Amino acid sequence: MPFLVPREGDVQLLADLLGGGALESWSLGLFNSAITPAETDTAATYTAHEASFAGYARKPLTRSVSASTWNTPALQPPSGSPAWSGRTQVGHSQYGSAPQTWTCTGAGDSVYGYFIIGATSGKLICAERFATPRTLASGDSLSMTPVFEAA
(Lines give C-alpha, C1' and ligand atoms only; values in the text may rest on other atoms or scores of the structure.)
Protein backbone atom coordinates (compact mmCIF):
# COMPACT_ATOMS: atom_id res chain seq x y z
CA MET A 1 0.00 0.00 0.00
CA PRO A 2 1.26 3.50 -0.65
CA PHE A 3 2.58 5.73 2.06
CA LEU A 4 0.14 8.58 2.80
CA VAL A 5 0.52 11.98 4.40
CA PRO A 6 -3.06 13.02 5.26
CA ARG A 7 -4.32 16.61 5.22
CA GLU A 8 -3.58 17.24 8.90
CA GLY A 9 -0.05 15.89 8.33
CA ASP A 10 0.41 18.23 5.35
CA VAL A 11 -0.42 21.23 7.53
CA GLN A 12 1.76 20.06 10.43
CA LEU A 13 4.77 19.41 8.17
CA LEU A 14 4.42 22.82 6.50
CA ALA A 15 4.16 24.50 9.92
CA ASP A 16 7.39 22.72 10.94
CA LEU A 17 9.13 23.62 7.68
CA LEU A 18 8.10 27.26 7.59
CA GLY A 19 7.41 28.15 11.21
CA GLY A 20 10.90 27.78 12.66
CA GLY A 21 11.34 27.14 16.36
CA ALA A 22 11.68 23.80 18.12
CA LEU A 23 10.63 20.71 16.19
CA GLU A 24 8.06 18.39 17.72
CA SER A 25 9.26 14.81 18.13
CA TRP A 26 7.12 12.00 16.76
CA SER A 27 5.80 8.63 17.94
CA LEU A 28 5.74 5.50 15.77
CA GLY A 29 2.78 3.20 16.39
CA LEU A 30 1.19 0.11 14.89
CA PHE A 31 -2.48 -0.47 14.02
CA ASN A 32 -4.44 -3.73 14.21
CA SER A 33 -7.37 -3.12 11.86
CA ALA A 34 -7.70 -3.31 8.06
CA ILE A 35 -7.70 0.49 7.69
CA THR A 36 -6.77 1.91 4.29
CA PRO A 37 -5.07 5.28 4.89
CA ALA A 38 -7.10 8.20 3.52
CA GLU A 39 -6.60 11.95 3.07
CA THR A 40 -9.18 12.77 5.74
CA ASP A 41 -7.70 10.53 8.45
CA THR A 42 -6.70 11.95 11.80
CA ALA A 43 -4.69 10.43 14.64
CA ALA A 44 -7.93 9.13 16.18
CA THR A 45 -8.41 6.88 13.12
CA TYR A 46 -5.32 4.92 14.18
CA THR A 47 -5.18 5.30 17.95
CA ALA A 48 -8.68 3.76 18.09
CA HIS A 49 -7.18 0.67 16.42
CA GLU A 50 -3.73 0.70 17.98
CA ALA A 51 -1.93 -2.62 18.42
CA SER A 52 -2.50 -4.23 21.79
CA PHE A 53 -0.16 -7.22 21.96
CA ALA A 54 1.79 -7.83 25.16
CA GLY A 55 5.10 -5.95 24.92
CA TYR A 56 3.79 -3.24 22.56
CA ALA A 57 4.49 0.45 23.12
CA ARG A 58 4.90 3.32 20.66
CA LYS A 59 8.48 4.09 19.65
CA PRO A 60 9.73 7.67 20.12
CA LEU A 61 11.26 9.29 17.01
CA THR A 62 13.34 12.25 18.14
CA ARG A 63 13.36 15.10 15.61
CA SER A 64 17.07 15.78 15.23
CA VAL A 65 19.90 14.73 12.92
CA SER A 66 22.50 12.39 14.41
CA ALA A 67 23.75 8.80 14.15
CA SER A 68 21.08 7.60 16.62
CA THR A 69 18.15 9.69 15.33
CA TRP A 70 17.41 10.85 11.75
CA ASN A 71 20.56 10.32 9.67
CA THR A 72 22.00 13.23 7.73
CA PRO A 73 19.80 13.69 4.67
CA ALA A 74 21.55 12.64 1.45
CA LEU A 75 20.80 11.93 -2.19
CA GLN A 76 20.39 8.31 -3.26
CA PRO A 77 18.31 6.25 -5.70
CA PRO A 78 14.67 5.93 -4.59
CA SER A 79 13.81 2.87 -2.51
CA GLY A 80 11.28 0.18 -3.28
CA SER A 81 10.86 -2.42 -5.95
CA PRO A 82 9.77 -0.96 -8.22
CA ALA A 83 11.15 2.38 -7.10
CA TRP A 84 8.45 4.82 -6.00
CA SER A 85 9.92 7.65 -8.12
CA GLY A 86 11.22 7.80 -11.66
CA ARG A 87 14.00 10.17 -10.55
CA THR A 88 17.52 8.78 -10.36
CA GLN A 89 18.21 10.52 -7.00
CA VAL A 90 15.91 11.56 -4.14
CA GLY A 91 16.47 13.09 -0.71
CA HIS A 92 16.75 10.28 1.85
CA SER A 93 17.04 9.94 5.63
CA GLN A 94 16.46 6.92 7.84
CA TYR A 95 15.99 6.73 11.59
CA GLY A 96 19.15 5.46 13.32
CA SER A 97 21.29 2.52 12.30
CA ALA A 98 19.07 -0.25 13.71
CA PRO A 99 15.40 -1.04 13.09
CA GLN A 100 12.66 -0.22 15.58
CA THR A 101 11.60 -3.60 16.99
CA TRP A 102 8.58 -4.81 18.92
CA THR A 103 8.57 -8.26 20.55
CA CYS A 104 5.34 -9.95 21.55
CA THR A 105 5.72 -11.18 25.13
CA GLY A 106 2.32 -12.79 25.63
CA ALA A 107 -1.06 -12.49 23.93
CA GLY A 108 -0.59 -11.67 20.26
CA ASP A 109 -2.26 -9.45 17.68
CA SER A 110 -2.48 -8.90 13.93
CA VAL A 111 -0.68 -5.78 12.71
CA TYR A 112 -1.91 -4.15 9.50
CA GLY A 113 0.42 -1.14 9.29
CA TYR A 114 2.04 1.78 11.06
CA PHE A 115 1.35 5.43 11.78
CA ILE A 116 3.42 8.39 12.98
CA ILE A 117 1.88 11.09 15.16
CA GLY A 118 3.21 14.26 16.75
CA ALA A 119 4.33 13.43 20.29
CA THR A 120 2.83 16.64 21.73
CA SER A 121 0.32 17.85 19.10
CA GLY A 122 -1.20 14.41 18.55
CA LYS A 123 -1.50 15.21 14.81
CA LEU A 124 -1.29 12.34 12.34
CA ILE A 125 1.87 12.85 10.27
CA CYS A 126 1.62 9.76 8.06
CA ALA A 127 0.37 6.19 7.85
CA GLU A 128 0.96 3.14 5.72
CA ARG A 129 -0.83 -0.18 5.50
CA PHE A 130 1.36 -3.25 4.94
CA ALA A 131 0.74 -5.28 1.76
CA THR A 132 -0.11 -8.22 4.05
CA PRO A 133 -0.86 -8.13 7.79
CA ARG A 134 1.65 -9.57 10.25
CA THR A 135 0.24 -11.91 12.88
CA LEU A 136 2.33 -11.91 16.05
CA ALA A 137 2.28 -14.67 18.66
CA SER A 138 4.27 -14.85 21.89
CA GLY A 139 7.99 -14.62 21.09
CA ASP A 140 7.50 -13.13 17.60
CA SER A 141 9.15 -9.81 16.68
CA LEU A 142 8.29 -7.13 14.14
CA SER A 143 11.02 -4.76 12.98
CA MET A 144 10.95 -1.72 10.71
CA THR A 145 13.30 1.11 9.87
CA PRO A 146 11.57 4.48 9.42
CA VAL A 147 12.72 6.19 6.19
CA PHE A 148 11.69 9.48 4.63
CA GLU A 149 12.40 10.18 1.00
CA ALA A 150 11.45 13.27 -0.96
CA ALA A 151 11.62 13.96 -4.68
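Two residues are in contact when heavy atoms of theirs come within 4.5 Å of each other. Keep that in mind for the close-ups below, which all show a predicted model.

**View 1. E50 and its contacts, in the loop between α2 and β2 (59-61)**. This is a loop residue, yet E50 counts as buried at 18% relative accessibility, because buried means under 20%. Skip the neighbours within four places in sequence, and E50 is in contact with G29, L30, F31, N32, Y56, R58 and F115. For a sense of scale, I117 sits 67 residues away from E50 in sequence, and their C-alpha atoms are 12 Å apart in space.

**View 2. Helix α1, residues 7-19, from end to end**. Its 13 residues reach 18 Å from the first C-alpha to the last, close to the 18 Å expected at 1.5 Å a residue. Which residues of α1 are buried? They are E8, G9, Q12 and D16. Looking down the axis of α1, you'd find these buried residues within an arc of 100 degrees, so they line one face of the helix. An α-helix has 3.6 residues a turn, so residues three or four places apart point the same way. What covers the buried residues of α1 includes α2 (43-47) and β7 (124-136). Over on the other side of α1, R7, V11, L17 and L18 are exposed. After the helix comes G20, with a positive phi near 70 degrees.

**View 3. Q12, a residue of helix α1**. Q12 has a relative accessible area of 16%, which makes it buried. Leaving out neighbours within four places in sequence, Q12 is in contact with E24, S121, K123 and I125. Take I125 from that list: 113 residues separate I125 from Q12 along the chain, but their C-alpha atoms are separated by 7.2 Å.

**View 4. L124 in strand β7**. Is L124 buried or exposed? At 1% relative accessibility, L124 counts as buried. Not counting residues up to four places away in sequence, L124 touches P6, E8, G9, D41, T42, A43, Y46, F115, I116 and I117. E8 and G9 in that list are among the buried residues of α1. The C-alpha atoms of L124 and E8 are separated by 6.4 Å, with the two positions 116 residues apart along the chain.

**View 5. F130, further along in strand β7**. F130 is another buried residue, with a relative accessible area of 12%. A34 lies 96 residues from F130 in sequence, and in space the two are 9.6 Å apart, C-alpha to C-alpha.

**View 6. The largest nonpolar core, with 20 residues**. The members that touch the most other members are L28, L30, F53, L61, W102, V111 and I116. Strands β1 (26-31), β6 (109-118), β7 and β8 (141-144) each supply at least two residues of this core. Which of them gives the most? That would be β7, with four residues. Zoom in on L30: leaving aside its neighbours within four places in sequence, L30 is in contact with H49, E50, A51, F53, Y56, W102, V111, G113, Y114, F115, L142 and M144. Apart from the largest core lies another one, of eight residues, among them I35, F115, L124 and A127.

**View 7. The largest pocket and its lining**. Its volume is about 1000 Å³. Of the 32 residues that line this pocket, those closest to its centre are F3, W70, V147, F148 and E149. Where does the lining come from? Helix α1 and the strands β1, β4 (90-94), β6, β7, β8 and β9 (147-150) each supply at least two of its residues. Some of these elements have turned up before: β1, β6, β7 and β8 each give at least two residues to the largest nonpolar core as well.

Technical notes:
Residues are numbered from 1 along each chain as its sequence is written. This is a predicted model: local features need pLDDT of at least 70, side-chain atom pairs count only at pLDDT 80 or more; totals for chains, interfaces and linings use all residues. Side-chain values use heavy atoms; hydrogens and water are left out. The expected span of a helix is 1.5 Å times one less than its number of residues. Buried means under 20% relative accessible area, exposed over 50%, partly exposed in between (1.4 Å probe, protein chains only). The arc is that of the directions from the helix axis to the C-beta atoms. A nonpolar core is a set of buried Ala, Val, Leu, Ile, Met, Phe, Trp, Tyr and Cys residues joined through side-chain atoms within 4.5 Å. On a 1 Å grid over the protein atoms alone, a cavity is a set of points where a 1.4 Å probe fits but cannot get out, and a pocket is an open set with protein on both sides within 12 Å along at least five of seven lines; lining residues have an atom within 4 Å of a point. Grid points are joined across faces, edges and corners, and a volume is the space filled by probe spheres set on the points.
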